[in-house]
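Here is a short tour of the charged side-chain pairs in this protein. Have the model open as you read, and pick out each pair as it comes up.

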Amino acid sequence: MRTSPLSSLLLCLTLCVSMPRAIAEADDPYLWLEEIDGARAQAWVAAQNERTRKDLASTPGFDAVRVQARAALDSGSRIPSLAYHGRYLYNLWKSADHPRGLLRRTTLGALRGGAPAWTTVLDIDDTSRRDGKSWVFKSLQCLPPAHRRCLLSLSAGGGDAVEIREFDAETLRFVADGFFLPAAKSNVGWIDEDTIYVATDFGPGSLTESGYPRIVKAWRRGTALVAARTLFEGAATSVRAYGRRIRTETGDIDLIAESTTFWTTRRERVRGVTAQPEAHRVDVPETAVLAGGFRGKLVLGLQDDWTVGARTFVAGSVVVVDPSRTEEAELVVAPADGEVVETQGVVVTDRGLFVPLLENVRGRLDRFTPAAGGGWKRERIRFPDQGALSVMTADDESGQALVTFESFVTPPTLYHVPADADVPTAVAAQEPTFDGSRFEVAQHWAVSKDGTRIPYFVVAPRGMKRDGTNPTHVFSYGGFRSTLKPSYSGSYEEHYGAYGRLWLEKGGVFVLANIRGGGEFGPQWHASVLKENRHKVLEDFEAVAEDLLRGGITTAKRLGIEGRSNGGLLTLAAMNRRPELYGAVISGVPLSDMRRYHEMLAGASWMAEYGDPRLPEEWAFIRPYSPYHNFRADGRYPPIFVYTSTRDDRVHPGHARKTVARLQSQGHRVWYYENVEGGHGGSSTSEQLAYRIALSYAHLWRALGD
């Protein structure tokens, strides 16, 4: 929605007084850059990429950095990402010979033997050549208990829109005349061998304002999609709707879910879904996160306090509840002093629950199983300290799990957790990419403007001098409950230790800032900075930067900041507010135009996080940090590197494009790289990612080094 010229003028008279050089809302000479594949826009992208290639990619040592990054990304010892499907463990493995990956599988016994034999399930490179498309593997859903029939999702270019094909995991071939959906932001799920839930683009009027399906149907094998039975129609103003069968050993639960906002979901239980469906509302909090089902009950992670009868379950708790008798909800675990339950990371099996916890952003893992006399037995799974834990996958039937542990200086190690013991066994470990013994990790605390203590980790050479000469790279995010943990990659993106070789060993200091907006300290750590309180995220980030300077770790001219997606918005907004604090900026796949973000691809789905810019009272608190509306010709900005992907169908590449065009028109030092594919991740292959990593470090070292 656009405002009228008169209302824009009145709004600017109210809001622009303190920012006379900021652009007016109606003044957007770069709107044409939102035409993703427009000839003029593509010519601009090509020219920018060439300029960056001739400049940043010509930095002395660039090729060596790219080779080192590629070596880390393609390390043969890296831990495979695994997922249980029946008796097999599946993995997508990328290498120099298979840049798009081999979907392959092995067994737990072979994996624990140390030299597993892998069976190729699908060669993604070969499929790409055969189909004439740049396929990126996205997901595999297999129907239990046989796990033979699977729904396999492929994306052309790595975006969120996927083509879905039925795959036979026994013959290792696509099923002729099986279930098939063309590219869309679909959501599907097995009901039985001949029926699936399908929410997809059914034509005009079938999508929400966010671009996701709002209609859920039951589709029977051998029938046309247009003949599928409609089960539910959600509102166009909601984010999405989908169907799901939750399988438990004492009975299945069919649910229809409507995400009314990014953070709220209404759920209905459906009975007789393949015959005469009847739906009834499940009376649980709409903010609760659904982890799965256990013995006929739903497992929920609470984001707000929930009062049921005389009991109140506090936010951050995990509860189980019968969807038909919610008044009998039962507590599994609640947060305790100094201990945060990661409600979004709970993993459910037929034997019990794996619940990850955090103590000052350090990982713990507990297992909960039904106690003989009622209630739940709790046991701590014993892992090393000072790192991050992640339940990679768990076997529903046996209750055993595979868990990774890593830290800033310790490569990921894969552990097997048996169903009947609390001592895990190491199965595999990545070989070090760099010598971690040369560095020490310390957690520090800054104080934000409102008095909140903000933790941050510093990874630095042992015995580092605090004389302000250390080039320092700060990574942060600050939104969407995304928890940043100690990682061998430095960020949440898998780099397999490349940052140690390319930054730490060359004399740099790395900082991970756990500002509000994430889930590091429970639901309130996120909820406290929504909408009108968004400015506190920036104040937290500035407090960390100031603490680094005050502590002598670095100086402003040697302080570089980086963020991706919401983090890209963070770094651009931080640069606008306090350009004197930073010596270099990296903004990846960012939001920037917060006036129009709700009109660009999936942007409308994030209004529960940022606010609705169509409402004057909400635009009033969004505008002060909207980067695109606050760039100034007289802003003394540090050098900036912005990157995105043409095929990012989540955060519109127009945000990044318009940012660069405006900054360059104002005479600022800014470089741009747009990968032709990669979706919101920004890259589809190791070679593409290595090039972008090399550009980022070339930018940081040129701006912050000697």
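The notes below go through the salt bridges.

This is a predicted model. Searching the whole structure turns up 56 salt bridges. Three of them are described here, along with a network.

**A buried pair that spans the chain**
- Glutamate 34 and lysine 658 form a salt bridge through their side chains, with an N to O distance of 2.8 Å.
- This pair connects distant parts of the chain, 624 residues apart: glutamate 34 sits in the loop between α1 (5-15) and α2 (39-55), while lysine 658 belongs to helix α12 (residues 653-665).
- Glutamate 34 and lysine 658 are both buried.

**A pair with one buried partner**
- Arginine 245 and aspartate 254 meet side chain to side chain in a salt bridge, 2.9 Å from N to O.
- Aspartate 254 counts as buried because its relative accessible area is 7%, under the 20% cut-off.
- Arginine 245 has 21% relative accessibility, so it is classed as partly exposed.

**A loop-to-loop pair**
- The side chains of arginine 382 and aspartate 422 make a salt bridge of 3.1 Å, N to O.
- Aspartate 422 is in the loop between β31 (413-417) and β32 (425-429), and arginine 382 is in the loop between β28 (376-380) and β29 (388-394), so their salt bridge ties together parts 40 residues apart in sequence.
- Arginine 382 is exposed at 52% relative accessible area, whereas aspartate 422 is partly exposed at 25%.

**A shared network**
- Asp28, Glu34, Asp593, Arg596, Glu599 and Lys658 are joined into one network by salt bridges that share partners.

How values were computed
Residues numbered from 1 in each chain as written. Predicted model: local features only at pLDDT ≥ 70, side-chain atom pairs only at ≥ 80, totals over all residues. Heavy atoms only, no water. Salt bridge = Lys/Arg side-chain N within 4 Å of Asp/Glu carboxyl O. Helix = DSSP H or I, 4+ residues; strand = E, 2+ residues; numbered from the N terminus. Buried < 20%, exposed > 50% of the residue type's maximum accessible area, 1.4 Å probe, protein only.
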